[in-house]
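Thank you all for making time this morning. I would like to walk you through one structure, beginning with its strands and then turning to its side chains.

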Amino acid sequence: MLPKPREHRLVDFSGSVQPVRGVELFGEWAGSLLDLNRISVADTGDDLGRAYLAALRVEPQQIPRIGQLSGGFSIRSTGENFRAFDRSRPVEFARLWNISPRAGSSSVLEGTEAERISGANLDLQFSRTSKLSAEWGEAAIGPSFEAERRGANLTIAEPRLPGLSYR
């Protein structure tokens with residue numbers, strides 16, 4: 001038996017703008033076409049997919065008598081029919097969102113569900129050796145997985161003071 005002829009295409013557009021010094025807005029939009037059987041028109045309803053990323057990044061800004069403040073925000077949405085050529089999630093995605101193979105459905109782990117992931121981070125650098133960081137994230141993958149994550153990290157390592165590291 002001969003294999004069915006397939007077609008897989010991907011188009012991607014990205015751009016960024018710096019409206020004011022130290023602030024960057026950037027984004028990316030992608031569309032995919034995955035036709036698993038080019039001979040048949042019976043399954044064409046799920047061939048097209050879309051994904052986008054929109055983000056804001058603020059480079060370190062000096063705040064008098066406090067330190068440097070920086071941060072960012074991003075939102076990423078992937079449609080259930082979007083198919084990239086390779087993995088589009090970070091390597092540590094399952095660990096970051098605490099998705100175990102037993103707890104998450106295979107469609108969540110394989111990326112075959114629509115997903116929306118938002119995140120923000122804020123860093124306050126008091127000195128070269130002391131810093132406060134905070135992060136927040138929210139994920140919704142298909143109807144079966146929703147998660148929110150929050151984190152903070154405080155490091156104080158000033159000369160002549162006791163060291164402190166808390167996460």
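Before anything else, let me fix one term, since I will lean on it throughout: two strands count as paired if DSSP finds at least two bridges between them. Please also keep in mind that what you see is a predicted model.

With that in hand, look at strand 6, residues 131-141, and strand 7, residues 145-156, which pair in the antiparallel sense over 11 bridges. Within that pairing, Ala139 has Ala147 of strand 7 as its bridge partner. The hairpin made by these two strands has 3 residues between them, and in it Gly142 takes a positive phi near 60°.

Now let us step back to the sheet to which this belongs. It is an open sheet of 8 strands, with the order 1-2-3-4-5-6-7-8 and antiparallel pairing. The edges are strand 1, which covers 7-20, and strand 8, which covers 164-166, and each of these pairs on one side only. On average, and with direction ignored, neighbouring strands of the sheet are turned by 5° against each other. As a reminder, strands of a sheet pair through backbone hydrogen bonds, either parallel or antiparallel.

Going along the sheet, strand 3, residues 48-63, pairs with strand 4, residues 67-78, in the antiparallel sense over 11 bridges, and there Ile63 stands opposite Gly67 of strand 4. Strand 4 is in turn joined by 11 bridges to strand 5, residues 115-125, the two running antiparallel, with Ala120 of strand 5 as the bridge partner of Phe73. Strand 5 is likewise joined to strand 6 by 11 bridges, again antiparallel, and these two strands form a hairpin with 5 residues between them. Here Asn121 stands opposite Glu135 in strand 6, a residue to which I will return. At the far end, strand 7 and strand 8 pair in the antiparallel sense over 3 bridges, and Ile156 stands opposite Leu164 in strand 8.

Let me move on to charged side chains. How many salt bridges does a search of the whole structure find? The search finds 9, and I have picked out a few of them.

In one, Arg57 bridges to Glu24, with the closest N and O atoms 2.9 Å apart. Arg57 lies in strand 3 and Glu24 in strand 2, residues 23-35, so this pair ties together parts that are 33 residues apart in sequence. Arg57 counts as partly exposed because its relative accessibility is 40%.

In another, Glu115 forms a salt bridge with Arg89, the closest N and O atoms being 2.5 Å apart. Since Glu115 lies in strand 5 and Arg89 in the loop between strand 4 and helix 1 (93-96), the pair ties together parts 26 residues apart in sequence. Are these two residues buried or exposed? Both Glu115 and Arg89 are buried.

Returning to Glu135, its salt bridge is with Arg149, where the closest N and O atoms are 3.6 Å apart. Glu135 lies in strand 6 and Arg149 in strand 7, so the pair ties together parts that are 14 residues apart in sequence. Glu135, at 29% relative accessibility, counts as partly exposed. There is also a network, in which salt bridges that share partners join Glu7, Arg9 and Arg38.

Finally, the surface. Val11, Phe13, Trp29 and Tyr52 make a nonpolar patch of about 380 Å². Of these, Val11 has its place in strand 1, and Val11 counts as partly exposed at 37% relative accessibility.

Technical notes: Residues are numbered from 1 along each chain as its sequence is written. This is a predicted model: local features need pLDDT of at least 70, side-chain atom pairs count only at pLDDT 80 or more; totals for chains, interfaces and linings use all residues. Side-chain values use heavy atoms; hydrogens and water are left out. Helices (H or I, at least four residues) and strands (E, at least two) are DSSP runs, numbered from the N terminus. Axes are lines fitted to C-alpha atoms, for helices over the stretch in contact, and angles run from 0 to 180 degrees between N-to-C directions. Patches are made of residues with over 30% relative accessible area and no salt bridge: like charges are joined within 9 Å, nonpolar side chains (Val, Leu, Ile, Met, Phe, Trp, Tyr) within 5 Å. Accessible areas come from the Shrake-Rupley method with a 1.4 Å probe; for residues, only the protein chains shown count as cover. A salt bridge is a side-chain nitrogen of Lys or Arg within 4 Å of a carboxyl oxygen of Asp or Glu. Buried means under 20% relative accessible area, exposed over 50%, partly exposed in between (1.4 Å probe, protein chains only).
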